[in-house]
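Here is a short note for a colleague who is new to this structure. It takes charged pairs first, then aromatic rings.

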Amino acid sequence: TPPKKDGDTPPPEENDDEPDDKETNDDGKGPGTIEGYGAVFHSETDPGTEYELWSEPGFRAVERIARGCFSRALDEQDDARATFNHDDNLLLGRSSAGTLRMEEDETGLRYENDLPDTQTGRDVAELVSRGDVTGSSFGFVAEREMWEESDNGADGRVAVRTLQSVRLLDVGPVTYPAYSSASVGGRSAKGAVRAVGSVEEARESYRRWKEQRKESLPLGAKL
């Protein structure tokens with residue numbers, strides 16, 4: 001069952017028959033499984049599905065994720081890792097090992113991660129269970145994107161970057177998600193970013209788009 005949005009974390013299910021062993025898998029190999037949305041598709045009715053890349057007086061740039069953005073990555077089985085806070089040293093799982101499972105549904109990129117029986121795995125299980133960590137994120141390299149720009153009058157110009165296809169690098173729980181509707185929740189195995197493509201990379205992509213747009217305009221036309 002997908003976790004609730006807006007940071008709500010479903011409490012772990014407890015096994016009444018073994019109350020002192022809530023953080024152990026049935027097979028005794030780990031502290032449990034976390035599940036959530038590493039990314040959420042853009043919705044006009046949910047501000048949490050849009051991320052502000054940067055802003056300056058009279059201008060701001062935002063990022064959105066299009067439906068189908070992860071189809072190529074999942075079809076071709078990008079070997080993504082599950083990490084905590086995008087830290088390679090805090091490894092939680094890997095798709096090729098079967099300990100990280102991902103799918104694309106109507107909400108976004110949903111994942112399940114069987115936590116390892118390591119200090120990091122146990123710490124993450126406890127933080128999620130307590131509600132200290134409720135967000136998720138994903139790391140990526142943009143493969144296909146679209147830029148649009150409009151003038152919002154008194155609010156200035158707004159440039160919108162829409163990610164249409166990405167190469168998946170990692171996904172997992174984070175302390176501070178960029179997309180506030182991306183969530184994580186915990187469940188006992190007995191019985192949830194920023195999206196990390198650097199802002200500098202986004203700025204360079206925007207600059208290239210502006211240059212290409214300028215070159216395609218008729219002589220004398222204004223941007």
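1. The model is predicted. Its salt bridges number 22 in total. A few of them are picked out below.

2. Start with R72 and E76. Their side chains form a salt bridge, with 3.3 Å from N to O. Is E76 buried or exposed? E76 has a relative accessible area of 55%. The cut-off for exposed is over 50%, so E76 counts as exposed.

3. Next, R101 and D114. The closest N and O atoms of this salt bridge are 2.9 Å apart. R101 belongs to strand β6, residues 100–104. D114 belongs to strand β7, residues 108–114. The two residues are 13 apart, and their pair links distant parts of the chain.

4. How accessible are these two partners? R101 has a relative accessible area of 32% and is partly exposed. For D114 the value is 24%. Buried would need under 20%, so D114 also counts as partly exposed.

5. Now E145 and R161. Their side chains meet in a salt bridge of 2.6 Å, N to O. E145 sits in strand β8 (residues 135–151), while R161 sits in strand β9 (residues 157–174). Their positions in sequence are 16 residues apart, so the salt bridge ties together separate parts of the chain.

6. Which partner of this pair is buried, and which is partly exposed? R161 is buried, at 0% relative accessibility. E145 is partly exposed, at 25%.

7. Some salt bridges share partners. In this way E35, R101, E103, R110, E112 and D114 are joined into one network. The R101 and D114 pair from point 3 thus has both its residues in that network.

8. Turn to the rings. The structure has nine aromatic pairs. One of them is F59 with Y206. Their ring centres are 5.6 Å apart, with 40° between the planes, and the pair is tilted. F59 and Y206 are both buried.

9. Y206 also pairs with W209. Why is this pair called tilted? The planes meet at 35°. Stacked would need under 30 degrees and edge-to-face over 60, so the pair is tilted. The ring centres are 6.0 Å apart.

10. Where do Y206 and W209 lie? Both are in helix α3, residues 199–216. They are three residues apart, about one turn of the helix. Y206 and W209 are both buried.

11. Last, the cluster. Ring pairs link W54, F59, W147, Y206 and W209. Y206 pairs with F59 and with W209, and these residues are among the cluster's members.

Conventions:
Residues numbered from 1 in each chain as written. Predicted model: local features only at pLDDT ≥ 70, side-chain atom pairs only at ≥ 80, totals over all residues. Heavy atoms only, no water. Salt bridge = Lys/Arg side-chain N within 4 Å of Asp/Glu carboxyl O. Buried < 20%, exposed > 50% of the residue type's maximum accessible area, 1.4 Å probe, protein only. Helix = DSSP H or I, 4+ residues; strand = E, 2+ residues; numbered from the N terminus. Phe/Tyr/Trp six-rings, centres within 6.5 Å; stacked < 30°, edge-to-face > 60°.
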